[in-house]
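Hi,

Here is the structure I promised to send over. Have a look at it first, and then read on for what turned up when I went through it.

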Amino acid sequence: MLREKLLELREKALESVHSTNSLKQLQDIHVSYLGKKGPITEVLKGMGKLSEEERPVIGQLANDVRKTIEQQIKVRKEKLERKLLEQQIESEKIDVTLPGRKIRTGSHHLLASVVREVEDLFIGLGFSVAEGPEVEEDYYNFEALNLPKDHPARDMQDSFYITDEILLRTHTSPMQARTLEKHKGKGPVRIICPGKVYRRDNDDATHSHQFMQIEGLYVDKNVRLSDLKGVLTVFARHMFGEDREIRLRPSFFPFTEPSVEMDISCFRCDGHGCSVCKGTGWIEILGAGMVHPNVLRMSGFDPSVYTGFAFGMGPERIAMLKYGIDDIRLFYTNDVRFLKQFKQA
Ligand code: DAH
């Protein structure tokens, strides 16, 4: 009786072991057949009723059955584990022949590149780079630049006022006054100052309410107009080609005397006349002049000892000329199709 029962248990157990595909189920089978409350333990409990001869025989058989089941579970477990590992390896397989994914890199904005190019040149000439506030005092933006409150030339620049005395700077020229003030009447002063400026203009292809300027200032003993001309020639050739000539035309700015506007010979037609220079052979690039004695005096420099030159240019204009860009708004609408054309190698 017990013998048949044991053999039957063995058969059922092995069948379950071999038909399962789950490690968890295998564990359950182990518990249910071989555990303390399992059927084999149950059988062994009934051995007391057996005869002396039968007892060791059945005992031996029960042990064999247990060992067989245990061993088959072990074999099955190893097999299932191997299968699982293989599945995992298969699912994680990578195809090394697939083309790689392109990593898209950013680049400098064209204006940043132009500013950097100008900075590098002037640093090489002994200038340093200064930066100042975009929210500026009326005093520095106008008054200290020889533009008192009722001066008609204030109308040259429509301003965004925040209070009566505070405005968004309309140019980078206030950095002239700020820098001079800091030097407490002692030269030399050599700075360029790039930055954003703001004007109450309606935006169109050639106007923007916010744009950039780069200011230059050199104050020392014996600085002359010819020094300005020399520096501007170096600048024009660096930015627009070695063959450039410059010319200075008389102009007016309240903070310089004399004031000039600088033209360069057209880089497209070499001065013969084309659409870029509108047939004149010359292209207007920037405003400049000798620092007005009033400006020097107001910022603590003695105009009988010191003289200086200053200039102000627009990086947008330089970039538009150099790269044939016909709409200033392109710099500020950040269309990547525009921007990526100027990616540096
Ligand atoms: N600040 C002037 C403007 O915004 C440009 C300028 C002209 C700057 C002459 C200068 C200068 O430093 O000397 O139109």
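To start with the ligand: how far from an oxygen atom of the ligand does a backbone N or O atom of Phe-311 lie? The distance is 3.3 Å. Please keep in mind throughout that this is a predicted model, so every number here is computed from it.

Phe-311 has company. A backbone N or O atom of Ala-310 sits 3.2 Å from an oxygen atom of the ligand, and Gln-176 joins in through its side chain, with a polar atom 2.9 Å from a ligand oxygen. On its own the ligand has 350 Å² of accessible area, and the protein covers 91% of that. Strand E5 (210-220), strand E8 (282-291) and strand E9 (307-313) are the elements that each give two or more residues to the shell around the ligand.

There are 16 residues around the ligand in total, and the ones that come nearest are Ser-173, Gln-176, Arg-199, Gln-213 and Glu-215. Sorted by class, the shell is made up of nine polar, five nonpolar and two charged residues.

Next, the second largest pocket. It holds about 310 Å³ of space. One part of its lining is a run of neighbours in the sequence: Arg-104, Thr-105, Gly-106, Ser-107, His-108, His-109 and Leu-110 are among the lining residues. Val-336, Leu-339, Lys-340 and Lys-343 also line this pocket. By class, that lining comes to five polar, three nonpolar and three charged residues.

On the overall layout, the domain assignment gives domain 1 as residues 2-91 and domain 2 as residues 110-342. The C-alpha centres of domain 1 and domain 2 are 93 Å apart.

A few backbone details are worth a look while you have the model open:

- The peptide bond from Gly-187 to Pro-188 is cis, with omega near 0°. Pro-188 belongs to the loop between helix H7 (174-182) and strand E4 (189-198).
- Lys-184 is also in the loop between H7 and E4. Lys-184 is not a glycine, yet its phi is positive, at about 45°.
- The peptide bond from Glu-257 to Pro-258 is cis too, with omega near -5°. Pro-258 is found in strand E7, which covers residues 256-265.

If you only have a minute, I'd go to the ligand and click on Gln-176, Ala-310 and Phe-311, whose contacts with ligand oxygen atoms are at 2.9 Å, 3.2 Å and 3.3 Å.

Cheers

Conventions:
Residues numbered from 1 in each chain as written. Predicted model: local features only at pLDDT ≥ 70, side-chain atom pairs only at ≥ 80, totals over all residues. Heavy atoms only, no water. 1 Å grid on protein atoms, 1.4 Å probe; cavity = no way out; pocket = protein on both sides within 12 Å on 5 of 7 lines; lining within 4 Å. Points joined across faces, edges and corners; volume = space filled by probe spheres on them. Nonpolar A, V, L, I, M, F, W, Y, C, P; charged D, E, K, R; others polar. Near = heavy atom within 4 Å. Polar contact = N/O pair within 3.5 Å; in protein donor to acceptor, adjacent residues only side chain to side chain. Areas by Shrake-Rupley, 256 points an atom, 1.4 Å probe, with all protein chains shown as cover. Helix = DSSP H or I, 4+ residues; strand = E, 2+ residues; numbered from the N terminus. Domains from an automatic or database assignment.
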